[in-house]
Amino acid sequence: MPDVSWDSYSLLAVYSSMAVYAIAFIAFAFDVARRRDPAEVRERELVAAGGGTTTTATETPTRGPRRNLAKVGFALTVLAWVLHVAGTVMRGIAAGRVPWANMYEFALTSIAIIVGIFVFAQLWRDLRFLGVYITGLATVFLGVATVNFYVSPTPLPPALQSYWLVIHVFVAALGTGFFALGSGLSILQLIRSRASGLAYVDRLPGASALEDLSYRVSVMGFIFWTFTLIAGAVWAEHAWGRYWGWDTKEVWTFVIWVVYAGYIHARATRGWRGTRSAWLQLIGFAAILFNFTIVNVYFKGLHTYSGLPE
Amino acid sequence: MSSRSSDSAKAAKADAAAAAKVARDDAGHDPMRPSDHVDGTPQTEAAGGPRLGPVGWLRFAWRQLTSMRTAIVLLLMLALAAVPGSLVPQRSSDPNGVIAVRDANPDLVWLYDALQLHDVYTSPWFSAITILLLVSLVGCVIPRMRHHWAAMRARPPKTPARLSRLVGFQTVPGDASDVDRAEGVLRRLGYRTERYGDSVSAERGYLRETGNLIFHASIVVIVVAIVAGSGFGFQSQRLVVEGEGFSLSGASLDTLNTGQWVSADDLPGFGIHLDELDVVYETENVDAIGQPLDFTAFVQVTEDGDTHPGQIRINEPLRVQGSDLYLISNGYAPQITVTNADGTVVFDEIVPFLAQDNEMTSLGVIKLPDGLAEQVGLQGFFYPSAAQLDTGAYASYYPDLLNPLLSLQVYTGDLGLDDGVPQSVYQLDTEDMEQVAGRDSAEPALLIGPGETVDLPDGLGTISFEGIRRYAVIDVHRDVTQGWVLGGAIALVAGLLASLLIPRRRLWVKATEQGLELAGLARGEDPRLEGAVDDLARRLRGDDADDLPPKHRWGRATEPGRAADDDPK
Ligand code: HEM
């Protein structure tokens, strides 16, 4: 049974997390804007003079005291994320079911997953240079979600009463999370291969290292997305009597899948690897955002579960 | 080519060239890859030359079609081609939307038709892209299957002369007598090995390629199964009121689409009787009062002379004789009788009304061509829970039957039934009719509650609202290849996982005067190759028991290098 007080605690937690994300964003932004400090310049010159064979691909983001702002940003991101997850869980308690049955809830959950993947990716690689992108994304989307998509918790319509809701939608959110991280890496790859002179850009790993990272993350996204597509078809077969009907949401899920298949091929194709494949990853992610916002709100179809008044 | 450069630079260049040769011999010349794959053999330019005969041109065209570049372009075209179908309503998924769009944009109808924008997914241009993609896919995959079949039974390739420029190159203490031991370690790690003199060559990850081929082959299986399924299946719908039934024959169905290879005689011979449609609405959550929570259709199935009960719910179809029955929609059907001025009953039917909103305000039409002094048409709304608005109009405030009310406008004149043009039973063509009761006439619309009888205008007779039942729209269909599609999808995921997650790599251990030289070569994406060489080195040095897991490698700061000829720019 819906419980109003849990929902208001949830909103409180979500608003607080939004505020902390915003502060984390500012910390990361200052880190980006910071100018190169002299010690770093000297270090670089030495490397350039002495080594010569050092390729950009093997450069590492410099650690040390200079990265303090990024550290602060990351700590704040973790704090915001904990609040965010708490808010999402409380929303689930308030609704008495998984918290991803309408647009607002799906936004809460998938943004939590995006940030969660960023946070845990830290165990794998130092990706704090993506902090400004991820916290920016989280702040903006949480803002949009709470202001434009919020609806109070309601029970599930019959078509959504299925364990496939738990699987299909959650896996879609996971896929989205990995694609989001990949999109950040691809954006930086494009910047890295073009611009330089900015301290932040020069501190980044090399363009091809960024490309490799983006590919690995996006491939995880692709696996989850493939599963989403198939699980969605199985569910549609149960609920609507056909596994595929080119409903608007199905169309867009398919379009995204095909674009990313193109991206994976591009990565493996001479003449497409590098900048072009990065653009494809970004087109794919743009399609995901479009699918979630514009398609959900304005397009007509069976998947009209945004919960928003018409 | 070479500019004046220092000796050391020259040596470096020679090294690089040697490495490139090694890489090409072992990875570059990957016959399993199309020629424009980053690991493929670049095509020599001769292909486009003027000496090509017709066969040469065909071969050239085929090579273009089956290239990775073409695959990318076709994939992107497919993605793009799918988009208009989400912008313009499709006949298959939204027939009412199609009508509305055409009515709203009469000037654009020709364009919609010319580009088949209402049938995007069956249009020739969409099919053309799909077919080209499939041909490209098959043309690409079949030679790769042949090569892979051979590769799986071949031995790992010869050890390159120089390992020093390959990935993870290092030397550990040891001599020729340790090569046996190295081979044992590699085998235990799952490598296939081959001895070449004082060296061992090892390869693993054949499943990666197998997975990739299964993935691509599954796509073909799925598409073929979908196409075959539409040819061998059927799909039908029937609106059925509580207390009534229908049998699965063309005459008794509202719509019936049979595949190319199915005739109406092949339909399974069972009957369905709807006893009751049970709908549960939310009553407690103030934000969702009236939201439907559950639909259950209680039915009797008659097959082979035997009748048994069954249930159809949303998400839980009922399966009868290999066909599936689904609840598609529901609504209210008032039972209405009309009596003429002489007291004779001229109409006694249960009339389905179509729901227009979440509160089940429903729109319906009654046509009375015979028995009255003139032809009469009635059109209006049924409100399950009627409430009067300030404007005087009615609205439904709840979808269940709390305060049912019928509000009908009455028309007299020509119903247009004799024109020979088929008419929808849900639409009243009022062009040749005059409104005699309702907003545009002197008389108010007829308001009838259940059990009530009211007079028709002009002494035409009376109309009674006898009662109300629910109806369900039931979809019955059979898709014989559904299982194939699902099987293909499962194989596709399995292939994808193998293909993206299993690393394919070669490792070499070679005894030299300096000790045992080790190095590796990636085939395809393999971020952990360097780690694998390090791990092997540790095992060979013996400072790491064989059964210990490899050292935790998270957070590596440097990127392992890629094969030497692999410069992304
Ligand atoms: C319906 C069209 C196609 C789709 C959806 C598709 C999808 C994919 C996907 C998702 C992958 C990555 C997973 C894997 O390695 O199995 C892949 C890899 C690959 N595809 Fe396709 N593909 C299609 C057509 C083709 C065609 C026509 C070719 C030949 C030109 C091709 C050649 C390859 C190759 C060589 C790889 C391996 C790439 C690598 O080494 O990383 N594919 N494909």
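Visitor: In this predicted model, how are α9(A) and α3(B) oriented to each other, roughly parallel or roughly antiparallel?
Guide: Helix α9 (residues 248–267) of chain A and α3(B) pack at an angle of about 165°, with their axes 9 Å apart. Angles over 145 degrees count as roughly antiparallel. The orientation of α9(A) and α3(B) is therefore roughly antiparallel.

Visitor: What is the handedness of the crossing of α9(A) and α3(B), and which residues of α3(B) make the contact?
Guide: α9(A) passes α3(B) in a left-handed crossing. From α9(A), the contact takes in V251(A), F254(A), V255(A), V258(A), V259(A), A261(A), G262(A), H265(A) and A266(A). On the other side, the residues of α3(B) are M68(B), I72(B), L75(B), L78(B), A79(B) and A82(B).

Visitor: How do the residues of the contact of α9(A) with α3(B) divide by class?
Guide: No charged residues belong to the contact of α9(A) with α3(B). The others divide into 2 polar and 13 nonpolar.

Visitor: How many residues of chain B are in contact with chain A?
Guide: The contact is counted on each side. Chain A contributes 64 residues. These are in contact with residues of chain B numbering 66.

Visitor: What area is buried between chain A and chain B?
Guide: The size of an interface is often given as the accessible area lost when the parts come together. Carbon and sulfur atoms give 64% of the area buried between chain A and chain B. In chain A, Y243(A), R270(A) and R273(A) lose the most area to chain B, together 13% of what that side buries. The area buried between the two chains is about 5500 Å².

Visitor: Which orientation do α3(B) and α7(B) have, roughly parallel or roughly antiparallel?
Guide: Within chain B, the axes of helix α3 (residues 68–82) and helix α7 (residues 124–153) come within 10 Å. They cross at roughly 155°, and the crossing is left-handed. Since the cut-off is over 145 degrees, α3(B) and α7(B) are therefore roughly antiparallel.

Visitor: How many nonpolar residues does the contact of α3(B) with α7(B) have?
Guide: α3(B) brings A71(B), L74(B), L75(B), M77(B), L78(B), A81(B) and A82(B) to α7(B). They meet W125(B), F126(B), I129(B), T130(B), L132(B), L133(B) and S136(B). By class, this contact has no charged residues and 2 polar ones, and its nonpolar residues number 12.

Visitor: Which term describes α6(A) and α10(A), oblique or roughly antiparallel?
Guide: Helix α6 (residues 163–194) and helix α10 (residues 275–298), both of chain A, pack with their axes 9 Å apart at an angle of about 140°. Roughly antiparallel requires an angle over 145 degrees. The pair α6(A) and α10(A) is therefore oblique.

Visitor: How many charged residues are in the contact of α6(A) with α10(A)?
Guide: In α6(A) the contact includes F179(A), L190(A) and R194(A), and in α10(A) it includes W279(A), L282(A) and F285(A). The residues divide into 9 nonpolar and 8 polar, and the number of charged residues is 1.

Visitor: Which are the edge strands of the open sheet of 4 strands in chain B?
Guide: The order of the strands is β5-β7-β8-β9, with antiparallel pairing. Neighbouring strands of this sheet are turned by 25° against each other on average, direction ignored. An edge strand pairs on one side only, and here these are β5 (245–247) and β9 (306–313).

Visitor: How many bridges join β7(B) to β8(B)?
Guide: β5(B) is joined to strand β7 (residues 270–281) of chain B by 3 bridges, and the partner of F246(B) in β7(B) is I272(B). Strand β8 (residues 292–303) is joined to β9(B) by 8 bridges, with T296(B) opposite R313(B). Between β7(B) and β8(B), V279(B) has F295(B) as its bridge partner. The bridges joining β7(B) to β8(B) number 11.

Visitor: In the open sheet of 5 strands, which residue is the bridge partner of S199(B) in β23(B)?
Guide: This sheet of chain B has the order β1-β24-β23-β3-β2, with antiparallel pairing, and its edge strands are β1 (167–172) and β2 (192–196). The twist averages 15° from one strand to the next. Strand β3 (residues 199–204) and strand β23 (residues 505–512) pair over 6 bridges. In β23(B), the partner of S199(B) is K510(B).

Methods:
Residues numbered from 1 in each chain as written. Chains lettered and ligands numbered in written order. Predicted model: local features only at pLDDT ≥ 70, side-chain atom pairs only at ≥ 80, totals over all residues. Heavy atoms only, no water. Pairing = 2+ DSSP bridges. Helix = DSSP H or I, 4+ residues; strand = E, 2+ residues; numbered from the N terminus. Axes fitted to C-alpha atoms, helices over the stretch in contact; angles between N-to-C directions. Parallel < 35°, antiparallel > 145°, perpendicular 65-115°, else oblique. Left-handed = near helix turned anticlockwise from the far one by under 90°. Contact = heavy atoms within 4.5 Å. Nonpolar A, V, L, I, M, F, W, Y, C, P; charged D, E, K, R; others polar. Buried area = accessible area lost by both parts, 1.4 Å probe.
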